[in-house]
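Biologist: I am new to this structure. Please take a close look at one part for me: the aromatic rings and what surrounds them.

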Amino acid sequence: MLLLSILVACNDNTLIVDGATDDGTGSDPTSDTAQAALDAEWDGARLVVEAPLSGDFLPMGEAADFRAVVLGADGTVKDFPDVTWSSDVDTDWALSGADAQDAGLGVGTHAITAEAVLPNGDRLAYSVGGVLVQSAYAGVYVGDLAITAAGDYNGTPVSVGCSGSLTLVVDAEGETAVGDAGCLLSLFGYDIDTQYAFDLVNDDGDLSGEASIDLSFYSLPVDTEGEITEDGELSGSFGADVMGYVTLEGAYTASRITRDLSTVE
C-alpha cells in the first residue's frame, strides 16, 4: 500500500511532499523507531526562500544572494544546508546551498525554486516568481532633446531653438541604446519638423554612436557621445553643419522609467 499526501501552502508556491511505503513484509522495530524519531523531529517542517524575493531585480553578471531556511513545525530555524536551486528559464543553471552567492543566472524573468529533501524523506519546495535578471543599464528611458540652430538670413545672423521628447531603449544586455526624438524648428520663415534617430553603443557607461538628423529636405548622420549610469540617468550631445548654411547643436537627457522590456517591439 502506498500512502502519498501533498499539502500546498498559499504563499509563493510552497510545496511539501510526505511519502511512506509498506511492502507487506513486516516491519523492523529498530527501523520503525528510527523513522519515528525522524518524523517527530521533521514532520510539519517547511522551506522558505528569503532571497531573492518575488519581483526582485538581479543585475546581470553580479553576485546575488540565494538564501533559504527550513523551519520546524514550531517555527524554529533548523540547521539544514542541503538546498538546491533551479530556474524555469535558465535550465542550465543550478546552485547548491542554503546560503549561497552566484552570478551565473542568465538574462530573463525567472521563477526560482529551492528544494530540500529532509532526513525523514519529506521533500520541500518553495518558488519565487518574477525575478528579473538583466544589465543594470537596461530599460526604457524618456527625456528631452534640445536643439539650437544658428545661420545667416539675408546677411542677418539668426539663432533659434526647439525642444522635443526623446525615447531610448537600452537592450537587456546593456550593450545598445536606440530610439528617436523630434522637435519643430522655425528657421528662415519656415517651420521644419526635425526628426532624430539614435543608434548608440554602451561601453560600461560611455555612449557613442550616431544621431541621424532628418530635416525633411535633407538627411545628415552625425556622431554623438554621452554617458549612462546604472542608476538610470542618460545624457549626450552632438553638433552638425547643414550644407554650410546652418549649424545645429543638440543636447539630450533622459531617465529610466522602467526596467521592463517586454512591451518593447
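Modeller: Here is a walk through the ring pairs, and then the charges that sit over rings. Keep in mind that this is a predicted model. The structure holds seven aromatic pairs. A pair of aromatic rings is described by the distance of the centres and the angle of the planes.

Start with Trp-42 and Phe-80. Their ring centres are 5.7 Å apart. Their planes meet at 70°, so this pair is edge-to-face, the class for angles over 60 degrees. The two residues come from distant parts of the chain, 38 residues apart. Trp-42 belongs to helix H1, which covers residues 29–42. Phe-80 sits in the loop between strand S6 (77–78) and strand S7 (84–87). Trp-42 and Phe-80 are both buried.

Trp-42 has another partner, a charged one. The charged end of Lys-78 sits over the Trp-42 ring, 4.8 Å from its centre.

Now turn to Phe-66 and Trp-85. This aromatic pair is edge-to-face, with 5.7 Å from centre to centre and 70° between the planes. Phe-66 lies in strand S5 (residues 64–71), and Trp-85 lies in strand S7, so the pair ties together parts 19 residues apart in sequence. Phe-66 is buried, and Trp-85 is buried too.

Next comes a group of rings. Tyr-196, Phe-198, Phe-238 and Tyr-252 form a cluster, linked by ring pairs.

Finish with Phe-57. The charged end of Arg-259 sits over the Phe-57 ring, 3.9 Å from the ring centre.

Definitions and conventions
Residues are numbered from 1 along each chain as its sequence is written. This is a predicted model: local features need pLDDT of at least 70, side-chain atom pairs count only at pLDDT 80 or more; totals for chains, interfaces and linings use all residues. Side-chain values use heavy atoms; hydrogens and water are left out. Rings of Phe, Tyr and Trp (its six-membered ring) pair if their centres lie within 6.5 Å; planes under 30 degrees apart count as stacked, over 60 as edge-to-face and the rest as tilted. Helices (H or I, at least four residues) and strands (E, at least two) are DSSP runs, numbered from the N terminus. Buried means under 20% relative accessible area, exposed over 50%, partly exposed in between (1.4 Å probe, protein chains only). A charge sits over a ring if NZ of Lys or CZ of Arg is within 6 Å of the ring centre and within 35 degrees of the ring normal.
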